[in-house]
Amino acid sequence: VTAAFGPFWGYQEGVLSWLVSVADSAVYPVLFRSYLVYTWPALADGFLGRAFILGQVLILTLLNYAGLTIVGNVAFLLAVF
């Protein structure tokens, strides 16, 4: 984008891509919790539900921080599971 439209639009694209990735990453723990509510109703709301979401976000953040190889291996294991 920067090469085609200049630094302003390149910066805009970078910021918007980052915001989309943050929002996208926040959706999956909430969606996973909503699936688990059918088998574990205590996760529906309250402290336990919020702690579950926060734990998932922290785990995913640590995996991303650890590096691409670990993220790829964990993604492969989750897909097989």
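## Aromatic pairs

Two rings of Phe, Tyr or Trp, taking the six-membered ring for Trp, count as a pair if their centres lie within 6.5 Å, and a pair is edge-to-face if the planes are over 60 degrees apart. With that in hand, let us look at this predicted model, which holds three aromatic pairs. One of them joins Phe8 and Trp9: the ring centres are 4.9 Å apart and the planes stand at 80 degrees, so this pair is edge-to-face.

Another brings together Trp40 and Phe52, with centres 6.4 Å apart and planes at 80 degrees, so this pair is edge-to-face as well. The Trp40 and Phe52 pair links distant parts of the chain, for Trp40 sits in the loop between α2 (7-36) and α3 (46-66), while Phe52 belongs to helix α3, twelve residues apart. Ring pairs also tie Phe32, Trp40 and Phe52 into a cluster. How accessible is Trp40? Its relative accessible area is 41%, so Trp40 is partly exposed.

## Helix α2 and its buried residues

Does the span of α2 agree or disagree with the value expected at 1.5 Å a residue? The 30 residues of α2 should cover 44 Å, and the C-alpha atoms at the two ends are 45 Å apart, which agrees. Buried positions in α2 are Gly10, Pro29 and Arg33. The partners against which the buried residues of α2 pack are α1 (2-5) and α3.

Arg33 deserves a visit of its own. This residue of helix α2 has a relative accessibility of 17%, so Arg33 counts as buried, the cut-off being under 20%. Which residues does Arg33 touch, once neighbours within four places in sequence are set aside? The contacts of Arg33 are Leu43, Ala44, Asp45, Gly49, Phe52 and Ile53. For Arg33 and Ile53, which are 20 residues apart along the chain, the separation of the C-alpha atoms is 7.1 Å.

## Gln56 and Val57 in helix α3

Gln56 is found in helix α3, and at 14% relative accessibility Gln56 counts as buried. Apart from residues up to four places away in sequence, Gln56 is in touch with Tyr28, Pro29 and Phe32. Two of these names have come up before: Pro29 is buried in α2, and Phe32 belongs to the ring cluster with Trp40 and Phe52.

Val57 is also part of helix α3. With a relative accessible area of 32%, Val57 is partly exposed. The C-alpha atoms of Val57 and Val27 are separated by 10.0 Å, and these residues are 30 places apart along the chain.

## The largest pocket

Now for the empty space. The largest pocket has a volume of about 490 Å³. Which of its 17 lining residues are closest to its centre? They are Gln56, Leu60, Thr61, Leu63 and Asn64. So the buried Gln56 of the previous section turns up here again, as Gln56 has 14% relative accessibility.

The elements that give two or more residues to the lining of the largest pocket are α2, α3 and α4 (68-80). The largest share comes from α3, with seven residues. By character, the lining of the largest pocket divides into twelve nonpolar residues, four polar and one charged.

## Helix α4

Among the contributors to the pocket lining is α4, a helix that is hardly covered: of its 13 residues, the count of buried ones is zero. Its length can be checked in the manner used for α2. At 1.5 Å a residue, the 13 residues of α4 should span 18 Å, and the end C-alpha atoms are 18 Å apart, which agrees.

Notes: Residues numbered from 1 in each chain as written. Predicted model: local features only at pLDDT ≥ 70, side-chain atom pairs only at ≥ 80, totals over all residues. Heavy atoms only, no water. Phe/Tyr/Trp six-rings, centres within 6.5 Å; stacked < 30°, edge-to-face > 60°. Helix = DSSP H or I, 4+ residues; strand = E, 2+ residues; numbered from the N terminus. Buried < 20%, exposed > 50% of the residue type's maximum accessible area, 1.4 Å probe, protein only. Expected span 1.5 Å × (residues − 1). Contact = heavy atoms within 4.5 Å. 1 Å grid on protein atoms, 1.4 Å probe; cavity = no way out; pocket = protein on both sides within 12 Å on 5 of 7 lines; lining within 4 Å. Points joined across faces, edges and corners; volume = space filled by probe spheres on them. Nonpolar A, V, L, I, M, F, W, Y, C, P; charged D, E, K, R; others polar.
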